[in-house]
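This note is offered to a colleague who is coming to the structure for the first time. The points below may be read alongside the sequence and the model.

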Amino acid sequence: MLTTGSQTQTLGSQSNGNLQNFLNSVELLRLAATSRLGKSYREIRGQFLTPSTVATLMAGMFEFGLSEISLLDAGSGIGSLLAAVVAELCQRQKRPQSIHITAYEIDLILIEYLEQVIDLCCVECDRAGIVL
């Protein structure tokens with residue numbers, strides 16, 4: 001989990017910067033996981049860790065209008081798509097009151113990274129006033 005020390009930022013003009021830092025942190029975790037797993041390991045298992053640019057594009061395609069959102073990711077990897085959806089929801093004018101995430105991943109190495117990404121999602125939701 002990343003901490004910002006005494007530099008707690010509030011919503012408003014700082015929000016987009018926070019969200020970009022959040023997505024950059026997730027991308028760095030994705031790159032670290034990709035490097036750690038290695039190409040042959042990922043190929044054998046059919047693993048593709050979604051880059052943040054692709055995840056952000058996909059997250060922008062979702063239509064959300066409910067006060068409570070449930071997300072299911074049956075092959076979460078490190079949670080790049082989940083993080084992009086959380087970022088998308090946190091920056092909207094009409095935010096949900098709560099987000100519930102169900103993430104499945106069987107690779108123990110990826111689970112380590114997924115837990116870190118979920119922690120980052122919690123921080124961003126807290127900043128946006130969304131219960132996660």
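**Notes on salt bridges and helix α5**

1. Glu88 and Arg92 are joined by a salt bridge, in which the closest N and O atoms are 2.9 Å apart. Each of these two residues, Glu88 and Arg92, is buried. The model under discussion is a predicted one, and the structure holds five salt bridges; the pair just described is one of them.

2. A further salt bridge links Arg30 to Glu27, with 2.7 Å between the closest N and O atoms. Arg30 and Glu27 are three residues apart in helix α1, which covers residues 15–37, so about one helical turn separates them. Arg30 counts as buried because its relative accessibility is 11%, below the 20% cut-off for that class. Glu27 is likewise classed as buried, its relative accessible area being 17%.

3. Helix α5 spans residues 108–128 and has 21 residues. From its first C-alpha to its last, α5 reaches 30 Å, close to the 30 Å expected at 1.5 Å a residue.

4. The buried residues of α5 are Leu110, Tyr113, Leu114, Val117, Leu120, Cys121, Glu124, Cys125 and Ala128. Viewed down the helix axis, the buried residues of α5 fall within an arc of 140°, and therefore line one face of the helix. On the other side of α5, Leu108 and Asp126 are exposed.

5. Which residues of α5 form a salt bridge with each other? They are Glu124 and Arg127, whose closest N and O atoms are 2.6 Å apart. Both lie in α5, three residues apart, or about one turn of the helix. An α-helix has 3.6 residues a turn, so residues three or four places apart point the same way.

6. The two partners in α5 should also be considered for their burial. Glu124 has a relative accessible area of 6% and is therefore buried. Arg127, with a relative accessible area of 23%, is partly exposed, because the partly exposed class lies between 20% and 50%.

7. The two ends of α5 deserve a separate remark. At the N-terminal end, Asp107 acts as a cap: one of its side-chain oxygens lies 2.9 Å from the backbone nitrogen of Ile109. Just after α5, Gly129 takes a positive phi of about 75°.

How values were computed. Residues are numbered from 1 along each chain as its sequence is written. This is a predicted model: local features need pLDDT of at least 70, side-chain atom pairs count only at pLDDT 80 or more; totals for chains, interfaces and linings use all residues. Side-chain values use heavy atoms; hydrogens and water are left out. Helices (H or I, at least four residues) and strands (E, at least two) are DSSP runs, numbered from the N terminus. The expected span of a helix is 1.5 Å times one less than its number of residues. Buried means under 20% relative accessible area, exposed over 50%, partly exposed in between (1.4 Å probe, protein chains only). The arc is that of the directions from the helix axis to the C-beta atoms. A polar contact is a pair of N or O atoms within 3.5 Å; within protein, one must be able to donate a hydrogen and the other to accept it, and residues adjacent in sequence count only if both atoms are side-chain atoms. A salt bridge is a side-chain nitrogen of Lys or Arg within 4 Å of a carboxyl oxygen of Asp or Glu.
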